[in-house]
Amino acid sequence: MGKKYWLFKSEPGAYSYPDLEKDEVAEWDGVRNYTARNYLRSDIKVGDGVLFYYSNAKPQRIVGTALVVRDGYPDFTAWDPKSDHYDPKSTQENPIWYMVDIKPLTRFQKEITLQEIKNIPDLHDMILVNNSRLSVQPVTATEWEIITSLGN
DNA sequence: GCCAACGTTGGC
DNA sequence: GCCAACGTTGGC
């Protein structure tokens, strides 16, 4: 399997790119959507590229890239009753939710806004454009190339 | 702040 | 298993 590409969303007030740079490695926890979970559990692998997107921001935009440094493993925050992401249906024997670890790669010199993406015909098929709700989504190699060459 | 789109829940 | 009702996300 070759290298694959993804887009992860975060609200900058909840977890920003500078937070990732400070932490050096982030556990991408708290995803509670089955489509996104399937990607995290089965498809996202060490070495894959991640576009870091700010949702609910002004403007919404991609601010940089990150690198996957750990394959999917159970999201233990689901087991913690004190966590905002607690889910009593998930157990250590039968975990429901998964996460990966990422580290910062490059912070864009020029951030790419959602509006710019919508203005580029070759990016019109991005899930970001067509299903704005999915918080972990695949990106094609072509889309990755266009966006990173504009940003860096 | 509004609301469309989407995902999940639960009654049947 | 279907689908209506509800809750959430996130763009505008």
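What follows is a walk through one strand, its two partners and a helix residue in contact with that strand. This is a predicted model, in which local features need pLDDT of at least 70, side-chain atom pairs count only at pLDDT 80 or more, and totals for chains, interfaces and linings use all residues. Residues are numbered from 1 along each chain as its sequence is written, and side-chain values use heavy atoms, with hydrogens and water left out.

Strand β3 spans residues 49–54, and 6 of its 6 residues are buried, so the strand is largely enclosed by the rest of the structure; buried means under 20% relative accessible area with a 1.4 Å probe, protein chains only. Gly49, Leu51 and Tyr53 point one way from β3, while Val50, Phe52 and Tyr54 point the other way.

Two strands pair if DSSP finds at least two bridges between them. Strand β1 (residues 5–10) runs parallel to β3 and is joined to it by 6 bridges, with serine 10 standing opposite tyrosine 54 of β3. Strand β4 (residues 61–74) runs antiparallel to β3, again through 6 bridges, and here valine 50 stands opposite alanine 66 of β4. The hairpin of β3 and β4 has 6 residues between the strands, and in this hairpin asparagine 56 takes a positive phi near 55°.

Threonine 148 lies in helix α5 (residues 141–151) and is buried, with a relative accessible area of 10%. Its side chain reaches the backbone oxygen of tryptophan 144 at 2.7 Å. Leaving aside neighbours within four places in sequence, threonine 148 is in contact with Leu51, Thr65 and Phe108, where contact means heavy atoms within 4.5 Å.

Terms used. Chains are lettered from A and ligands numbered from 1 in the order in which they are written. Buried means under 20% relative accessible area, exposed over 50%, partly exposed in between (1.4 Å probe, protein chains only). Helices (H or I, at least four residues) and strands (E, at least two) are DSSP runs, numbered from the N terminus. A polar contact is a pair of N or O atoms within 3.5 Å; within protein, one must be able to donate a hydrogen and the other to accept it, and residues adjacent in sequence count only if both atoms are side-chain atoms.
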